[in-house]
Amino acid sequence: MPIIKVENLSKVFGKNTKAALQLAEAGKTKEEILKESGSTVGVNRASFEVEAGEIFVIMGLSGSGKSTLVRLINRLIEPTTGNIYIDGENLAKMDKKELRRVRREKLSMVFQRFGLFPNRTILQNTEYGLEVQGISKQERTQKAKEALELVGLGSYLDQYPGQLSGGMQQRVGLARALANDPEVLLMDEAFSALDPLIRKDMQDELLDLQETMKKTILFITHDLDEALRIGDRIALMKDGKIVQIGTPEDILVNPANKFVEKFVEDVDRAKVLTAQQIMKRPETVNIEKHGPRVALERMREAGLSSILVVDGKRTLQGIITADAANEARKNEVKNLSEIIQRDVPTVEKDTPLHDLFAVIHDSPVPLAVTENGKLLGIIVRGAVIGALAGEGEVNEHA
Amino acid sequence: MLDFMENVKEIPVGDWMTDFVDWLTNTFAFLFDPIKDGLASFMSIITQGLAAIPPVIFILLVAILAFFMTGKKFGLAVFSIIGLLFIWNQGLWDHLIETFTLVLIASIICIIIGIPIGILMAKSKVAETIITPILDFMQTMPAFVYLIPAVAFFSIGVVPGIFASLIFATPPTVRFTNLGIRQVSDELVEAADAFGSTGPQKLFKVELPMAKYTIMAGVNQTVMLALSMVVIASMIGAPGLGREVLASLQRAQVGPGFVAGLCIFVLAIIIDRFTQNIYKDKSK
């Protein structure tokens with residue numbers, strides 16, 4: 001069951017909400033609706049589901065309604081129509097008291113400009129969510145300290161937000177959100193106010209934390225690089241509408257419309273980088289020397305489910321899967337050539353990144369990068385996305 | 001056009017007001033009388049208490065307080081000593097205490113009334129729409145006009161003086177409280193809401209602490225306005241330095257009038273600097 005389920009959620013700013021909604025139903029654009037009804041459609045019939053443990057990125061340019069959408073989800077802004085289910089409970093229908101309970105227990109929010117209380121210390125800021133729940137001083141201090149340790153600020157308890165750098169302040173914002181131990185984190189452009197280097201550190205840190213926390217994260221951003229880097233799935237918004245939802249690869253490979261295409265085009269890395277620049281050193285076995293046992297052992301060591309096979313001159317011969325090697329070992333097959341699959345997805349070293357998407361998308365195994373038939377390296381799926389998102393590991397020698 | 005106006009009878013607003021105040025006086029006499037007696041005796045206790053402190057000790061206490069409140073600077077402390085010694089020297093010490101009590105009590109009541117009204121205005125658009133013109137009215141209506149109903153309700157003495165001060169001096173506290181709360185950044189209010197604060201939690205944990213410097217600026221204004229009412233209130237029998245000024249005016253005595261005025265000035269500076277320093281944002 002999805003932990004967040006948003007159904008047909010709309011927000012109209014202005015007086016003539018009914019007329020505006022009808023126009024929206026009729027498929028008019030935001031501008032047309034504004035002209036005809038005098039009301040602005042902030043969010044236009046958004047529907048999506050987020051699974052537990054997923055990082056779901058909502059991305060769009062300013063004015064696309066993404067910040068409104070995230071505020072509709074915890075009802076900082078009242079929805080005009082539609083339903084918001086958190087854990088099966090419909091927030092849209094809740095009274096104030098129930099809503100408060102859900103906000104306290106299930107939803108936490110991280111703000112673009114941090115939203116820290118300047119008159120409270122770091123510890124007191126982190127405690128805030130627990131304090132309003134009436135949790136005892138001792139317990140909330142302990143939980144807040146744990147959360148601050150988690151983000152690496154365990155020694156700044158008695159400082160005030162004004163004494164900390166932007167990156168550190170946002171860590172406090174994150175710690176405050178985590179101290180409640182919510183199921184869902186709403187992050188509204190959480191890293192947009194930080195300078196690019198710090199932003200990247202924070203993205204990495206969030207991903208590291210997510211490894212252990214497994215929270216459901218709804219992340220709002222206007223930065224495609226950021227979306228590609230951290231999102232398990234991405235929803236693209238324009239003029240209050242969600243135009244496409246998909247994995248980073250889906251969006252890059254199959255842009256749903258011109259708008260998405262244009263957006264994706266801006267990621268010029270896809271055209272600049274080549275296969276050679278993002279490939280990794282391959283694990284191989286030599287078809288002339290090794291048998292299934294060596295192949296299995298190497299796969300186990302490197303944590304792979306398949307391994308490439310080369311000959312003495314490093315010419316690519318094929319690939320062996322762990323299953324096949326295991327089978328061969330049981331059946332006392334000694335020669336790799338009996339179990340090898342010759343058909344390996346292969347690209348030349350000069351293939352641009354842009355052309356890798358389609359190949360890697362359909363391939364269950366890593367791509368082999370070759371030059372005149374000789375194996376140079378491999379490319380795993382993550383490396384393509386990572387390279388697009390500007391992750392540092394680009395091979396300079398190419 | 002002119003003919004037309006001649007044919008229209010004068011609207012008896014003045015008569016209505018007279019009737020209204022009469023009605024209030026008669027109807028709420030059971031309220032006004034105890035308030036008057038209670039407040040008057042309460043104030044005389046305060047006045048006597050303060051007057052019982054020997055001036056030397058009083059001046060020293062003020063100076064010490066000034067020294068620490070201004071962040072261990074000598075300026076205000078020295079001014080307080082010289083100024084208060086001057087007032088003592090002029091034989092106006094008792095009047096000073098009376099005036100101080102009047103200002104103190106009036107200000108406290110203003111704050112007690114003003115801050116909740118300011119909060120109400122900040123929270124409700126409707127309340128703001130209704131109260132704003134009332135505040136404008138209170139501030140622009142000449143202060144002398146309040147004296148008439150004040151006397152009707154509370155006869156003469158210190159209590160009607162306080163009443164008139166209240167009307168004149170409350171608006172800044174109300175306005176600044178409203179402003180201060182409305183100025184709290186949206187994101188902080190959202191943060192308070194997003195973590196599930198109740199209304200009072202949001203108010204006391206976030207909005208009032210964030211607004212306190214603005215509110216204190218309003219309180220400072222209120223105190224200064226209350227002090228400025230001292231002379232006017234003396235026309236309906238409020239005691240203190242104002243009465244000295246009024247007496248000098250009536251007898252056309254330039255000298256004593258100037259001295260009493262100077263004493264009010266000294267008191268004003270001391271009170272102003274004190275209230276400014278109570279909640280000065282030390283981090284800025």
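## No polar contacts between the domains

In this predicted model, domain 1 of chain A and domain 2 of chain A share zero residue pairs in polar contact, counting pairs with both residues at pLDDT 80 or more. A polar contact is a pair of N or O atoms within 3.5 Å; within protein, one must be able to donate a hydrogen and the other to accept it, and residues adjacent in sequence count only if both atoms are side-chain atoms. The count of salt bridges between these domains is also zero. A salt bridge puts a side-chain nitrogen of Lys or Arg within 4 Å of a carboxyl oxygen of Asp or Glu.

## The two domains

Domain 1 of chain A covers 4-106 + 182-267, and domain 2 covers 275-388. These bounds come from an automatic or database domain assignment. Taken over C-alpha atoms, the domain centres are 39 Å apart. Eight residues from domain 1 and six residues from domain 2 make the contact (heavy atoms within 4.5 Å).

## The buried area

Together the two domains bury about 710 Å², with 70% of it on carbon and sulfur atoms. Buried area is the accessible area (1.4 Å probe) that two parts lose on being put together, summed over both. On the domain 1 side, Glu249(A), Leu252(A) and Val253(A) supply 63% of the buried area, more than any other three residues.

## Reading the model

Residues are numbered from 1 along each chain as its sequence is written, and chains are lettered from A in the order in which they are written. Local features need pLDDT of at least 70 and side-chain atom pairs pLDDT 80 or more, while totals for chains, interfaces and linings use all residues; side-chain values use heavy atoms, without hydrogens and water.
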